[in-house]
There are 2 protein chains.
Amino acid sequence: MNAIEQSLAKGPEHPPGNAVTAATPSRPELPAQAFGEGKRADRWALSRLLASLGSPPIELAIRDGARVGVGSPIARVTFDSRATMLWVLADVPSRFGDAYSDGTVTVEGDLVSLIEAVDRAGRRTVGRRDPFAARVSRVLHRRHLNTLSGSRDNIHHHYDIGNAFYELWLGSTMAYTCAYYPTPDATLDEAQLAKMDHVCRKLRLKPGESVVEAGCGWGMLAMHMARRYGVRVRAFNISHEQILWARERAKREGLAGSVEFVEDDYRNISGRYDAFVSVGMLEHVGVKNYTALGGVVQRCLGGRGRGLIHSIGRNRPAPLHPWTEKRIFPGGHPPAPSEMARIFEPWDLSILDVENLRLHYAQTLRHWLALFEGASERVRAMFDEKFVRMWRLYLSGSIAAFTTGSMQLFQVVFAPGESNDIPWTRADLYAS
Amino acid sequence: MNAIEQSLAKGPEHPPGNAVTAATPSRPELPAQAFGEGKRADRWALSRLLASLGSPPIELAIRDGARVGVGSPIARVTFDSRATMLWVLADVPSRFGDAYSDGTVTVEGDLVSLIEAVDRAGRRTVGRRDPFAARVSRVLHRRHLNTLSGSRDNIHHHYDIGNAFYELWLGSTMAYTCAYYPTPDATLDEAQLAKMDHVCRKLRLKPGESVVEAGCGWGMLAMHMARRYGVRVRAFNISHEQILWARERAKREGLAGSVEFVEDDYRNISGRYDAFVSVGMLEHVGVKNYTALGGVVQRCLGGRGRGLIHSIGRNRPAPLHPWTEKRIFPGGHPPAPSEMARIFEPWDLSILDVENLRLHYAQTLRHWLALFEGASERVRAMFDEKFVRMWRLYLSGSIAAFTTGSMQLFQVVFAPGESNDIPWTRADLYAS
């Protein structure tokens, strides 16, 4: 067993090797001699790490020590010590984020560009069978298979950390999902409102109709539908904080009569509606529940009406990035098209329209990141520096995931198979 | 073993029971006493048949004999004898078409409406476990699993029966695929040209680019792309008759320099192109070859460019209607979304846009059927009455399949996952 394997095998039962918060896994103090003395061994280890990443055009360094990389690197990653480097090396996808968050890894240069370069290099290595990377991947994958459970806990982990925090950087619409930019120079708020209208137009909402929304966030789409399209909405969400915020807002805007916010799971939705909509919930549902979700849709629509599901997705089935899943979205899974089919096919639902808006999500995230950085002092005051770095990494990594094509954003319109109350063309979506 | 099972078990090795052409399977003469004497037993059998169809609002009758059905039937189906009725009863999906074709079954009323009613009733019975229907279904399904092979033979069966025949009813564009009607009152030729433009716009073709087409029919899309969009096209097809027609036409129109027609299988496509397009071929590919088709796409595009696949599809995996598969499209299979995913997912291709045009296919088929009926004397002179009735049933049944939602028409736009050379929105598709 070499030093890397030792560090992998030891894992979290060891006492922390340096001062970190309780949420950070412990790091064993590795005996220096396990890797040989001095810079030569460090250079070898950094080279190994660079190679396992597919040799992206970046520089890797240990503070006041060894460094490896190409001539004109996009960015430089510096480990504060050999111990940190070895600890990260043993499980890069999962530990890089933790080390970045607690500041034992720092980045000079643009963080988004760095992650894009690593993503693109990683894509090129797929199937190249680096045994080291393969072993890391196996370990990670094993852990992932057991995480899709406990929806309520998972949702609380992310969405109930404080509405005030999200208000700092989501813009005035409080929409925490991909916006739709009619042109790339639209503002965030314009694009979020355009997204709501795009969804409502795709659903062909008519005044007096009823809509059920599964996973309504802070309820702004539900209120927009009621206000602008004259429909009645029942909106479900299991985030307690969000539901309270949404109810308060609806009351203030005089919409309490047309929008009902229900603090309950999508599986408990009852009643008949003209339209079903779910924007940004599917990522939290878990593939094993997709057929049940389709059953809810079928029950809600009863052979007529329309539906729309908007979700982050993948080109092919793959788990969420392990650090994002562990620290940001426990239980999260962006589905591939074949996985999304499990919602529709068992219930004879016809897919009418799929639009991939992944470049719009990259743009949305750029706007969020800019607002977040502008408010970073206040975020630091609310939480701590580690939290700021963690969210900076998450937002930057998400931009990279959409620009490199690691992640997609699918908007899917569907209808019960026997219904012909479907649009003749999509031209009306684009009529001004 | 009862009389129905006897007739099912005997099958084609028995001598024909009445004068039919060689292509029609034989019908055993059933002893009348197997079902009891007289009208009462016939009524019982007709009722059984009606029930096995899910009790659609139609009337079933034996000529000069029993009849069953609802008060105001949509249409009446008359069997010329008890023997025909029992023969059909044993395997309705497969044998009804043959009996209709040879005229031993006749229909009063609208044939499309009749099939729509039967389709809708059948949809309602799914999962209701009629043991009779289930047994029929099992038998049919067993046969189906072994038919997806021999692409060249299968294609010749349908497409090489004579260009002159297709010229009678496809309109001037010779496009034998779903048209795109900007408005429902467009003519067939207008809609076929609009479809070609819709496809070219979705592919964002630019002058000077290269396009490869898999399954080009009579080559009219390839010629349209070269003529209107200034691209070079290599178009593949294994139908000898179609390739000859297409080459002749390209020469006559002075397009031989920009469009090359290759008589070869899509699996043998070589070279690099800016765009891949396939309109109406996937139905003949077979699910087991989808990953190979995706590999061809990936090889052709090499990490950049765009692709479009246009195909009949399903809401969920199901074999083609057994009679259509046997008499019209041997080896045909319209895929469900989860099956189509096997083209894209193994090769990291991003699905960018899916549009379901099933109502446009119903309209296209209505136009084809009207032209076909107008030319039925000439078709009869080319072939025979049985051929006319067979194609009438096929075209009528296809209309019903799209209006009842049994079949879908998916246009899928995709691009290599790592390419960001993808449209910002779809608004330009609808700019006039």
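Two residues are in contact here when they have heavy atoms within 4.5 Å. Keep that in mind as you work through this predicted model.

**Exercise 1. Decide which parts of chain A should not be read in detail.**

Step 1: Start with the overall confidence. Chain A averages a pLDDT of 86, and 83% of its residues score at least 70.

Step 2: Look for the weak stretches. Over residues 1-25 of chain A the pLDDT is below 50, although the model gives this stretch 46 contacts beyond near neighbours in sequence. Residues 127-149 of chain A also stay under 50, with 37 contacts beyond four places in sequence.

Step 3: Draw the conclusion. Where pLDDT is low, predicted coordinates should not be read in detail. Treat the contacts of residues 1-25 and of residues 127-149 in that light.

Step 4: Add the scores of the model, which are ipTM 0.87 and pTM 0.87.

**Exercise 2. Describe the side of chain B that touches chain A.**

Step 1: Count the residues. The interface brings 47 residues of chain B into contact with 47 residues of chain A.

Step 2: Turn to area. About 3800 Å² is buried between the two chains, with carbon and sulfur atoms giving 49% of it. On the chain B side, B:Glu345, B:Trp424 and B:Arg426 lose the most area to chain A, together 22% of what that side buries.

Step 3: Count the polar contacts: 32 residue pairs between chain B and chain A, both residues at pLDDT 80 or more. Among the elements of chain B that each supply at least two residues to this side are helix 5 (111-125), helix 17 (385-403) and strand 11 (408-416). Strand 10 of chain B makes the largest share, eight residues.

Step 4: Sort by residue type. This side of chain B divides into 21 nonpolar, 15 polar and 11 charged residues.

**Exercise 3. Find what B:Asp353 does at the interface.**

Step 1: Look at the strands. Strand 10 of chain A (residues 349-356) and strand 10 of chain B run antiparallel, joined by three bridges. Here B:Asp353 is the bridge partner of A:Glu355.

Step 2: Look at the charges. B:Asp353 also forms a salt bridge with A:Arg426, whose closest N and O atoms are 2.8 Å apart. The interface has four salt bridges.

**Exercise 4. Explain why the pair A:Asp98 and A:Lys326 links distant parts of the sequence.**

Step 1: Check the pair. Their side chains meet in a salt bridge, 3.1 Å from N to O.

Step 2: Locate both residues. A:Asp98 sits in helix 4 (residues 92-101) of chain A and A:Lys326 in helix 13 (residues 322-328) of chain A, so the salt bridge ties together parts that are 228 residues apart in sequence.

Definitions and conventions
Residues are numbered from 1 along each chain as its sequence is written. Chains are lettered from A and ligands numbered from 1 in the order in which they are written. Side-chain values use heavy atoms; hydrogens and water are left out. pLDDT is the predictor's confidence in each residue, from 0 to 100. Buried area is the accessible area (1.4 Å probe) that two parts lose on being put together, summed over both. A polar contact is a pair of N or O atoms within 3.5 Å; within protein, one must be able to donate a hydrogen and the other to accept it, and residues adjacent in sequence count only if both atoms are side-chain atoms. Helices (H or I, at least four residues) and strands (E, at least two) are DSSP runs, numbered from the N terminus. Ala, Val, Leu, Ile, Met, Phe, Trp, Tyr, Cys and Pro count as nonpolar, Asp, Glu, Lys and Arg as charged, and the others, Gly among them, as polar. Two strands pair if DSSP finds at least two bridges between them.
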